[in-house]
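Trainee: I would like a close look at one part of this model, a sheet and the helices that pack on it. Please go through it in a connected way, and then set it beside the other parts that can be described.

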Amino acid sequence: MSSFPVFSGFVRPLRRALWWGLCAACWGGAGLAAAQAPLPTEIEAALTRSRLPRESVSLLVTELGNKRAPRLALRPNAPMNPASVMKLLTTQAALDLLGPAYSWNTPVYLDGPVRDGTLQGNLVIKGQGDPKLVLERLWLLLRRVQGLGIRQISGDIVLDRSAFDLPASNPADFDGEPLKPYNAASDALLINYRSLVLTFVPDPAAGVAHVQLDPPLAGVQWTASVPLLAGDCGDWRTGLKAQLSDPARLSLAGGYPASCGEKLWPQAYADPASYNARAIAALWQDLGGRLGGQVRDGRVPAGLKPVFSLASPPLAEVIRDINKFSNNVMAQQLFLTLSLAQKGVGTPEGSRELMGQWWRSRFGEADAPVIDNGSGLSRETRISAQALARVLQAAWAGGTMPELLSSLPLSGVDGTMRRWGQGQNGVVGAAHLKTGSLRDVTAVAGVVHGASGRRYALVALANHPQAGALRPVIEALIDWTARDQNLSASP
């Protein structure tokens, strides 16, 4: 993607449009002016120790709700790859366009009558992009089917995945790691993130660790136990000597250190195209149900009405999973839902268009980002520190500020920030920040809570082969921003 296309904006009240335009000009001009100011001593020292070239770094700290010049700025207008920090933009756009109470519905249809506990026909499940159709909720859906008096299905279980129109993809395309859960592809009927979890439970009396597979997958065998090993936990995954590329058998030829205790190992499934069918068939059987046909893809027959729909948690809850744990596939589901809700079908092109319109309706033409898939798992995405700060300023002034802020990881407390801010100068709980990390990319953006009671938008981005060296700079930046007691009163 070499450029960001121009789209027409949404119709908004003139007063609101003028307000955003004035703010954009004010913040943009302030950012340019402050870019030449020297950095605070401790930030300058941390940046020097990092050995990162200045041209690979972008930093910005500006007070929220205040139009004066930023407290700190270094290359604030430079377009940068933000990695998963892009989720901040996607989730704020979704809060604006869909609303915090938005939920996804997965309708279920009976294509035939029910007689004596048997559905004389097909059961049809239509995916509508639910990002959180996890194992527990799939179980509830099938239990509701049984609540209709159905114990046997004479026909098929048909899965309608037509709500998204997506190009073919290979999970290895991004980084050659097809079994990493973050590489799972979007799907209109996304069941359990198309991932599986191996749970290892040591049994010292038997000298083994028992292995459990969730969800159960029809036709898939796995090693049910492995020998317990002595020694430190260390790199326990390597010691298992796992062979997980065979869709029909998950093999573990090694052992498991007893010192590890109970551990979970999430993995993407080697054959994502068959995942839904295997998961539903196995769970239906576990519930005591019988199936005369098969689980297959198809469409809802014309004119058929749903017998019930399974509703997802609201968007305000879903974005907590997306941002706190940087869930890529959930972010991409949300991104595609933007065009599904507006156009009737979710496509990457349609969602990029809608996010472009959203940006221009809120912020005008300035600082327009390059948007790829909404998750930041991309080498094409670009956005400046100033643009991210403007999003945070807009969120802070908007009605959904509490929803967005509570979705961001809290430094030293939870999510991807759990291990941050705990050093000698760390301030636990001082910041709500979205993190981002890819090869050659380290990034954070969010809100720092100052000791004075002021709140600040903080953005830090590095695009460099040694981008991880930015982390001590970020920690120093958080600490410096939070210690603002001596600032003069705002004008």
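Mentor: This is a predicted model. Helix 4 passes helix 6 in a right-handed crossing. The axes of helix 4, residues 135-147, and helix 6, residues 272-286, come within 10 Å and cross at roughly 55°. With that angle, helix 4 is oblique to helix 6.

On the helix 4 side, the residues that meet helix 6 are Leu135, Leu138, Trp139, Leu142, Val145 and Gln146. Helix 6 contributes Ile280, Leu283 and Trp284. By class, this contact of helix 4 with helix 6 has 8 nonpolar residues, 1 polar residue and no charged ones.

The sheet under discussion is open and has 5 strands, in the order 18-8-6-3-19, with mixed pairing. Its edges are strand 18 (295-297) and strand 19 (308-311), each of which pairs on one side only. On average, neighbouring strands of this sheet are turned by 25° against each other, direction ignored. At one edge, strand 19 pairs with strand 3 in the antiparallel sense over 4 bridges. Within this part of the sheet, proline 107 stands opposite serine 309 of strand 19.

Helix 4 packs on the sheet and touches strand 3, strand 6 (122-126) and strand 19. The direction of helix 4 makes about 160° with that of strand 19. Helix 6 also packs on the sheet, where it touches strand 6, strand 8 and strand 18. Between the directions of helix 6 and strand 8 the angle is about 140°. Strand 6 is thus touched by helix 4 and by helix 6.

Threonine 106 gives a residue-level view of the sheet. Threonine 106 is placed in strand 3, residues 105-111. Its relative accessible area is 1%, so threonine 106 is buried. Leaving out residues up to four places away in sequence, threonine 106 touches Ile125, Lys126, Asp130, Leu133, Leu141, Leu189, Phe308, Ser309 and Leu310.

Next, a second sheet. This one is open, with 5 strands in the order 15-12-10-9-16 and mixed pairing. Strand 15 (256-257) and strand 16 (263-268) stand at its edges, and each has a single partner strand, so one side of each has no neighbour in the sheet. Strand 16 pairs with strand 9, residues 195-203, in the antiparallel sense over 6 bridges. Leucine 198 has tryptophan 265 of strand 16 as its bridge partner.

Some backbone details lie in loops. Most residues other than glycine have a negative phi, and most peptide bonds are trans. Tyrosine 193 is not a glycine, yet has a positive phi of about 60°. Tyrosine 193 is found in the loop between strand 8 (157-160) and strand 9. The peptide bond from aspartate 214 to proline 215 is cis, with omega near -10°. Proline 215 belongs to the loop between strand 10 (208-214) and strand 11 (221-222). Arginine 51 also has a positive phi, near 65°, in a residue other than glycine. The loop that holds arginine 51 runs between helix 2 (41-50) and strand 1 (57-63). With 76% relative accessibility, arginine 51 counts as exposed.

Helix 2 also holds isoleucine 43. Isoleucine 43 counts as buried because its relative accessibility is 0%. Not counting residues up to four places away in sequence, isoleucine 43 touches Leu59, Leu72, Ala476, Leu477 and Trp480. The C-alpha atoms of isoleucine 43 and isoleucine 478 are separated by 10.0 Å, although these residues are 435 residues apart along the chain.

Finally, another helix pair can be set beside helix 4 and helix 6. Helix 3 (residues 86-97) and helix 9 (residues 348-363) pack at an angle of about 80°, with their axes 11 Å apart. Helix 3 and helix 9 are therefore roughly perpendicular to each other. From helix 3 the contact takes in Leu89, Thr90, Gln92, Ala93, Asp96 and Leu97, and from helix 9 Met355, Trp358, Trp359 and Arg362. The contact of helix 3 with helix 9 divides into 6 nonpolar, 2 polar and 2 charged residues, whereas that of helix 4 with helix 6 has no charged residues.

How values were computed: Residues numbered from 1 in each chain as written. Predicted model: local features only at pLDDT ≥ 70, side-chain atom pairs only at ≥ 80, totals over all residues. Heavy atoms only, no water. Axes fitted to C-alpha atoms, helices over the stretch in contact; angles between N-to-C directions. Helix = DSSP H or I, 4+ residues; strand = E, 2+ residues; numbered from the N terminus. Parallel < 35°, antiparallel > 145°, perpendicular 65-115°, else oblique. Left-handed = near helix turned anticlockwise from the far one by under 90°. Contact = heavy atoms within 4.5 Å. Nonpolar A, V, L, I, M, F, W, Y, C, P; charged D, E, K, R; others polar. Pairing = 2+ DSSP bridges. Buried < 20%, exposed > 50% of the residue type's maximum accessible area, 1.4 Å probe, protein only.
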